[in-house]
Amino acid sequence: MKIRLNPSCPFNLNATLCCGQAFRWNKQGEWWYGIVRENAFKIRQIGNDLEFENVEMDFVKSYFGLYDDFPKILLQISEDKHIKRAVETFKGLRILRQDPWECLISYICATYKNISAIKQMLSNLCKKFGDRIYFDGYDSYTFPTPERLAKATTEELAKCGLGYRAKYISKTAKMVYENRYEFEGLRKIAYEKAKEELLNFPGVGLKVADCVLLFSLGKLQAFPVDVWIKRVILKYYASYFPNEFIRKISGKKLLTSSEYKKLNLFGQRYFGDYAGYAQEYLYHYERIKR
DNA sequence: CAAGTGCCTTTATC
DNA sequence: AGATAAAGGCACT
């Protein structure tokens, strides 16, 4: 199947899958292979044509953020030359709508890790606890269900390279499994409320909650602040904060929760309702240009 | 090549 | 409130 993209509403598949928001996509030749819930499929972009196999058109549009009003989003976030430069470089990068369960576990794993290590951990986890699916000449694995992870021992989880995160994954999986937790409910409630609820899961702090809200629940105002975004703010946006505050967070590696909230709120106020989009462009640009 | 640093942080403790 | 330490292990320099 094929979607003919409207040139006035750009989409960039490579940037979308390379920017570090999702960790389980593999490129083979010009096709990207992915698996979402129980479904393995492939997709490629040739100019303005988006081709895919083994997946519904509506799912593709939803998963890749093609229902977002992209021109409006770009207009709203383009506040200055820094963000404009990032947008120009990766124009068409979209915020995905990942599966919330997979996204939650992925970002608990992602704390204090680099992207290649995160990919490795999640690949191990899926190989060990997911189901193998053969599609188009390749084996891929489903993301383990809450039940599978809830029933795994912490030691088994740790063997996947999760380290001290294993106990958080185990506890969170048990909470989700035992309460038959439904993430869909979070879509309907406001950003702040949904964030509060996510913070109840072990291993989920402000940053992880923001990532899950942005990358799986469509809360596009979420503005996750990690070390890269902190660097971006120190470099380009320091003038929007008191000198004393900038000096303080420059001197140390970790942000306290109140410091996180200040940077987070700045992002949301400065970039507006689609701050999450701005975050991902700035994040990707800052990482790539090194 | 060894050793050090950094990694899309959270939690526990004081 | 805010500072500090601890918690895998791997990739990169």
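Visitor: What makes the lining of the largest cavity a mix of classes in this predicted model?
Guide: By class, the lining has six nonpolar, two polar and three charged residues. Going through the names, the residues around this space are A22, F23, R24, W25, G34, I35, V36, Y63, Q98, D99 and E102. Gly counts as polar, so G34 belongs with Q98 in that class. Asp, Glu and Arg count as charged, so R24, D99 and E102 make up the charged part.

Visitor: Why is this space called a cavity?
Guide: The name fits because a 1.4 Å probe fits there but cannot get out. The structure holds one cavity of 30 Å³ or more, and about 90 Å³ of space lies in the largest cavity.

Visitor: Which element supplies the largest share of the lining?
Guide: That is β3, with three residues. Strand β3 covers residues 31-36, and G34, I35 and V36 are in the lining.

Visitor: How do you know that β3 is mostly covered?
Guide: A residue is buried when its relative accessible area is under 20%, and six of the six residues of β3 are buried. W31, Y33 and I35 point one way, while W32, G34 and V36 point the other way. In a regular strand, side chains alternate between the two faces of the sheet.

Visitor: What makes β2 and β3 a pair?
Guide: Two strands pair if there are at least two bridges between them. Three bridges join β2, residues 26-28, to β3, so the two count as paired, and they run antiparallel. N26 stands opposite Y33 in β3. The two strands form a hairpin with two residues between them, and G29 in the turn has a positive phi of about 65°.

Visitor: How do you know that β3 also pairs with β4?
Guide: Here five bridges join β3 to β4, residues 39-46, again antiparallel. The cut-off is at least two bridges, so this is a pair as well. I35 has A40 as its bridge partner in β4. This hairpin has two residues between the strands, and R37 takes a positive phi near 55°.

Visitor: Let's turn to the DNA. Why is K113 said to be near DNA strand B?
Guide: A residue is near a strand if one of its heavy atoms lies within 4 Å of it. There are 28 such residues around DNA strand B, and K113, N114, I115, R231 and Y283 come nearest. They divide into 15 nonpolar, six polar and seven charged. Helices α12 (206-215), α13 (227-236) and α16 (275-288) each supply at least two residues of this surface.

Visitor: What makes W228 and G205 polar contacts of DNA strand B?
Guide: A polar contact needs N or O atoms within 3.5 Å. A polar side-chain atom of W228 lies 3.0 Å from a phosphate oxygen of DNA strand B, and a polar backbone atom of G205 is 3.1 Å from a phosphate oxygen. Both values are within 3.5 Å, so both count. Of the strand's atoms within 4 Å of the protein, 65% belong to sugar or phosphate and the rest to bases.

Visitor: How do you know that K113 makes a polar contact with DNA strand C?
Guide: An N or O atom in the side chain of K113 is 3.3 Å from a base nitrogen of DNA strand C. That is within 3.5 Å, so the pair qualifies. K252 puts a polar side-chain atom 2.9 Å from a phosphate oxygen of the strand, and a backbone N or O atom of Y164 lies 3.1 Å from one.

Methods: Residues numbered from 1 in each chain as written. Chains lettered and ligands numbered in written order. Predicted model: local features only at pLDDT ≥ 70, side-chain atom pairs only at ≥ 80, totals over all residues. Heavy atoms only, no water. Polar contact = N/O pair within 3.5 Å; in protein donor to acceptor, adjacent residues only side chain to side chain. Helix = DSSP H or I, 4+ residues; strand = E, 2+ residues; numbered from the N terminus. Buried < 20%, exposed > 50% of the residue type's maximum accessible area, 1.4 Å probe, protein only. 1 Å grid on protein atoms, 1.4 Å probe; cavity = no way out; pocket = protein on both sides within 12 Å on 5 of 7 lines; lining within 4 Å. Points joined across faces, edges and corners; volume = space filled by probe spheres on them.
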